[in-house]
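Let's take a walk through a protein model together. Keep the picture open while you read, and look up each residue as we get to it.

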Amino acid sequence: ILPGQGQWVGAEGGGWLAEEKYFNTQLEVLRSRDVAERTFRQLHLQDHPRFKGLKDPIGAFAGLIEIRPKVNTRLVTVRMSGPNPQEVKDWVNTLADVYVKRNVDEATASFRAIMDEIERGMKQFRANLGASDLDRMKTAADAELFVPENQQESVRQSLGTYNDSLAKIRIELASIQ
């Protein structure tokens with residue numbers, strides 16, 4: 001899990017069951033056709049003699065991958081077999097890299113979506129705040145009322161709080177990128 005990612009995916013602080021579900025989910029992601037296909041394409045195996053001409057070369061590649069969790073740990077063993085040990089080692093290492101990159105991409109997309117939602121909320125808040133401030137000031141001016149400075153300060157503080165939240169999300173997003 002990347003730093004800070006646990007709060008979004010529910011693996012930390014959710015107890016043993018949440019951790020177990022997260023681990024099992026990640027095992028399935030590692031075993032997925034998506035990860036196998038990304039690895040296959042990154043390695044340019046479509047022209048490899050072992051896979052050329054096959055009806056489902058990605059399925060054949062995925063069939064070579066063996067993933068086993070290590071008992072009483074959160075570790076897995078990834079194995080493949082083939083006639084060329086160096087080539088197979090490169091395939092396994094690329095598979096691991098593809099899996100990690102996929103998770104980083106997913107976390108980044110998740111943080112971007114959260115940040116976009118906060119920014120939309122901020123725009124709406126600013127628009128509402130601006131409109132309500134203008135209405136309040138117009139009403140106060142029309143009624144020749146005095147608007148206390150502390151109310152204006154309260155509005156500024158609310159806006160400051162939202163800006164602080166947005167800045168924190170941007171910092172987290174930057175650290176993930």
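## The overall layout

Start by counting elements: the protein has six helices and two strands. This is a predicted model, so keep that in mind for everything below. Going from the N terminus, the order is α-α-α-α-β-β-α-α.

The protein has 177 residues, and 25% of them count as buried. Now think about contacts between residues with a separation of 6 or more: 59% of those in the protein involve residues 24 or more positions apart.

## Two helices that cross

How do you describe a pair of helices that pack together? Two packed helices are described by the angle between their axes and the distance between the axes. Try that on helix α3, residues 33–42, and helix α4, residues 57–64: they pack at about 105 degrees, and their axes are 9 Å apart. Angles from 65 to 115 degrees count as roughly perpendicular, so α3 is roughly perpendicular to α4.

Which residues make the contact? On the α3 side you'll find R33, A36, E37, T39, F40 and R41, and on the α4 side P57, I58, G59, F61 and A62. Sorted by character, the residues of this contact are six nonpolar, two polar and three charged.

## Rings meeting rings

Next up are the aromatic side chains. A pair of aromatic rings is described by the distance of the centres and the angle of the planes. The count of aromatic pairs comes to five. One of them is F40 with F51, an edge-to-face pair with 5.5 Å from centre to centre and 75 degrees between the planes. This pair links distant parts of the chain, since F40 sits in helix α3 and F51 in the loop between α3 and α4, 11 residues apart. F40 and F51 are both buried.

F40 also pairs with F61. Here the ring centres are 5.9 Å apart and the planes are at 65 degrees; planes over 60 degrees apart count as edge-to-face, so this pair is edge-to-face. It again links distant parts of the chain, with F40 in helix α3, F61 in helix α4, and their positions 21 residues apart. How buried are these two? F40 has a relative accessible area of 2%, and F61 has 0%. Buried means under 20%, so F40 is buried and F61 is buried too. Zoom out a little and you can trace a cluster: ring pairs link F40, F51, F61 and W91.

## Buried residues in α2 and α5

Hop over to Q26, which belongs to helix α2, residues 15–31. Is Q26 buried or exposed? With a relative accessible area of 13%, Q26 is buried. The side chain of Q26 makes a polar contact with the side chain of Y99, at 2.7 Å. Leaving out residues up to four places away in sequence, Q26 touches Y99 and N103.

Helix α5 covers residues 85–142, and T94 is in it. At 12% relative accessible area, T94 is buried. A polar atom of the T94 side chain lies 2.8 Å from the backbone oxygen of D90. If you skip residues up to four places away in sequence, T94 touches T39, Q42 and L43.

F111 is in helix α5 as well, and F111 is buried, with a relative accessible area of 1%. Now find A174: F111 and A174 are 63 residues apart in sequence, and their C-alpha atoms are 9.8 Å apart in space.

## Two loop residues with positive phi

Let's finish with the backbone. Most residues other than glycine have a negative phi, and most peptide bonds are trans. H44 has a positive phi, near 55 degrees, and H44 is not a glycine. Its place is in the loop between α3 and α4. With 55% relative accessibility, H44 counts as exposed.

N72 isn't a glycine either, yet its phi is positive, at about 60 degrees. Look for N72 in the loop between β1 (66–69) and β2 (76–79). Is N72 buried or exposed? N72 has a relative accessible area of 80%; over 50% counts as exposed, so N72 is exposed.

Key. Residues numbered from 1 in each chain as written. Predicted model: local features only at pLDDT ≥ 70, side-chain atom pairs only at ≥ 80, totals over all residues. Heavy atoms only, no water. Axes fitted to C-alpha atoms, helices over the stretch in contact; angles between N-to-C directions. Helix = DSSP H or I, 4+ residues; strand = E, 2+ residues; numbered from the N terminus. Parallel < 35°, antiparallel > 145°, perpendicular 65-115°, else oblique. Contact = heavy atoms within 4.5 Å. Nonpolar A, V, L, I, M, F, W, Y, C, P; charged D, E, K, R; others polar. Buried < 20%, exposed > 50% of the residue type's maximum accessible area, 1.4 Å probe, protein only. Polar contact = N/O pair within 3.5 Å; in protein donor to acceptor, adjacent residues only side chain to side chain. Phe/Tyr/Trp six-rings, centres within 6.5 Å; stacked < 30°, edge-to-face > 60°.
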